[in-house]
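Here's a walk through a protein model, written for someone who'd rather be at the bench. Have a look at the structure, then read on.

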Amino acid sequence: MGFWVCSPAQTVQEKQRNRMVKDQIENRGIKDTAVLKALQKVPRHLFVPEEYRSRAYTDGSLPIGYGQTISQPYIVAYMTEVIRPKPDFRVLEIGTGSGYQAAVLAEIVDKVYSIEIVTQLDTAARARLRKMGYKNIETKNADGYYGWPGKGPFDAIVVTAAAEFVPPPLLEQLKEGGRMVIPIGSPFMVQQLMLVEKKDGKAKTKNLFPVRFVPFTRG
Ligand code: SAH
């Protein structure tokens, strides 16, 4: 007679999430284990509207209302990895949207500040993140162009809406040696995902790859 050491039953969503991480994220070269773990853990289906829940783990962006979208899982993983997140980091995100990217960051870093310009999205994301138990995410409803002055400087900044240029207040609130990832280009056209490193107070930029994000709007 022996006994079984049972692993707890996996939910359908956990299985879908494991597959998502293997096929869409690891297979495309994301290596940071903290990032992989975070994507493994955060329940993306709870960040999308009911009618899209069955597609929560598919390889694309999805509508979240008000003309906005939750980014493709791979893009979220890439943007998280490229800032080289560390457990003691304080990160600023512009474009809370559903709150998914903020949750992924919050699994890895100490503190996440996230700003959303659409009031209804801010309200919904805040309630969702609170319900999920995230205590290290602070959100606010404002124009992210100005950053979050009293909370910086930040180790890293993640911008999830496409801007025509890097907002100077964001560069200012980035720590020396810090990294910002931001899609740059015209709205509704293909943009360049850009890595901005702050060296001697100046921006050192590098184009990563073409992306398509919703526009960075102004309040
Ligand atoms: N990170 C989000 C993706 C949201 S899409 C997620 O994980 O779901 C980009 C978001 O940026 C949209 O919700 C849009 O309303 C917001 N946004 C656009 N311009 C902004 C600005 N100036 N300040 C703050 N948020 C902005």
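Does Asp122 count as buried or exposed, and why? Keep in mind that this is a predicted model. Asp122 has a relative accessibility of 4%, so it counts as buried, the cut-off being under 20%. You'll find Asp122 in helix H5. If you skip its neighbours within four places in sequence, Asp122 is in contact with Glu116, Thr139, Lys140 and Asn141. Helix H5 itself covers residues 119-131 and packs on the sheet, touching E4 and E5. The direction of H5 makes about 160° with that of E5.

**The sheet**

Now for the sheet that H5 packs on. There is an open sheet of 7 strands, in the order E5-E4-E3-E6-E7-E8-E9, and the pairing is mixed. At the edges sit strand E5 (137-141) and strand E9 (202-211), each of which pairs on one side only. Going from one strand to the next, the twist averages 15°.

Here are three of the strand pairs side by side.

| Strand pair | Sense | Bridges | An opposite pair of residues |
|---|---|---|---|
| E3 and E4 | parallel | 5 bridges | Glu93 and Ser114 |
| E6 and E7 | parallel | 4 bridges | Ile157 and Met180 |
| E8 and E9 | antiparallel | 9 bridges | Lys199 and Lys202 |

To place the middle row on the chain, E6 takes in residues 154-159 and E7 residues 174-184. As for E4, this strand is mostly covered, with 5 of its 6 residues buried.

A second helix to look for is H3, which lies across E6, E7, strand E8 (191-199) and E9. H3 runs at about 160° to E9.

**A buried valine in E6**

Which residues does Val158 touch, leaving out those up to four places away in sequence? They are Met79, Ile83, Val91, Leu92, Glu93, Ile94, Gln101, Leu105 and Val181. Val158 belongs to strand E6. With a relative accessible area of 0%, Val158 is buried, because anything under 20% counts that way. Val158 also shows how the fold brings separate stretches together: Gly95 is 63 residues away along the chain, yet the two C-alpha atoms are separated by 8.7 Å.

**Backbone oddities in the loops**

A few spots are worth a click if you like checking backbones. The peptide bond from Gly152 to Pro153 is cis, with omega near 0°. Pro153 sits in the loop between E5 and E6.

Then there are two residues with positive phi. Arg84, in the loop between H3 and E3, has phi near 50°, and Arg84 isn't a glycine. Asp200 has phi near 50° as well, again in a residue other than glycine. Asp200 lies in the loop between E8 and E9, a hairpin with 2 residues between the strands. Is Asp200 buried or exposed? At 70% relative accessibility, Asp200 counts as exposed, since the cut-off for that is over 50%. So the two aspartates picked out here end up in opposite classes: Asp122 is buried, whereas Asp200 is exposed.

**The largest pocket**

Finally, the pocket. How big is the volume of the largest pocket? The computed value is about 580 Å³. In total, 36 residues line this pocket, and those nearest its centre are Gln68, Thr69, Thr160, Ala161 and Val214. The elements that give two or more residues to the lining are strand E2 (68-70), helix H3 (73-82), strand E3 (90-94), helix H4 (100-106) and strand E4 (111-116). Of these, E2 gives the most, with 3 residues.

What is the lining made of, in terms of nonpolar, polar and charged residues? There are 17 nonpolar, 15 polar and 4 charged residues in the lining. Some names should be familiar by now: H3, which lies across several strands of the sheet, is one of the elements lining the pocket, and so is E4, the mostly covered strand.

Notes: Residues numbered from 1 in each chain as written. Predicted model: local features only at pLDDT ≥ 70, side-chain atom pairs only at ≥ 80, totals over all residues. Heavy atoms only, no water. 1 Å grid on protein atoms, 1.4 Å probe; cavity = no way out; pocket = protein on both sides within 12 Å on 5 of 7 lines; lining within 4 Å. Points joined across faces, edges and corners; volume = space filled by probe spheres on them. Nonpolar A, V, L, I, M, F, W, Y, C, P; charged D, E, K, R; others polar. Pairing = 2+ DSSP bridges. Axes fitted to C-alpha atoms, helices over the stretch in contact; angles between N-to-C directions. Contact = heavy atoms within 4.5 Å. Buried < 20%, exposed > 50% of the residue type's maximum accessible area, 1.4 Å probe, protein only.
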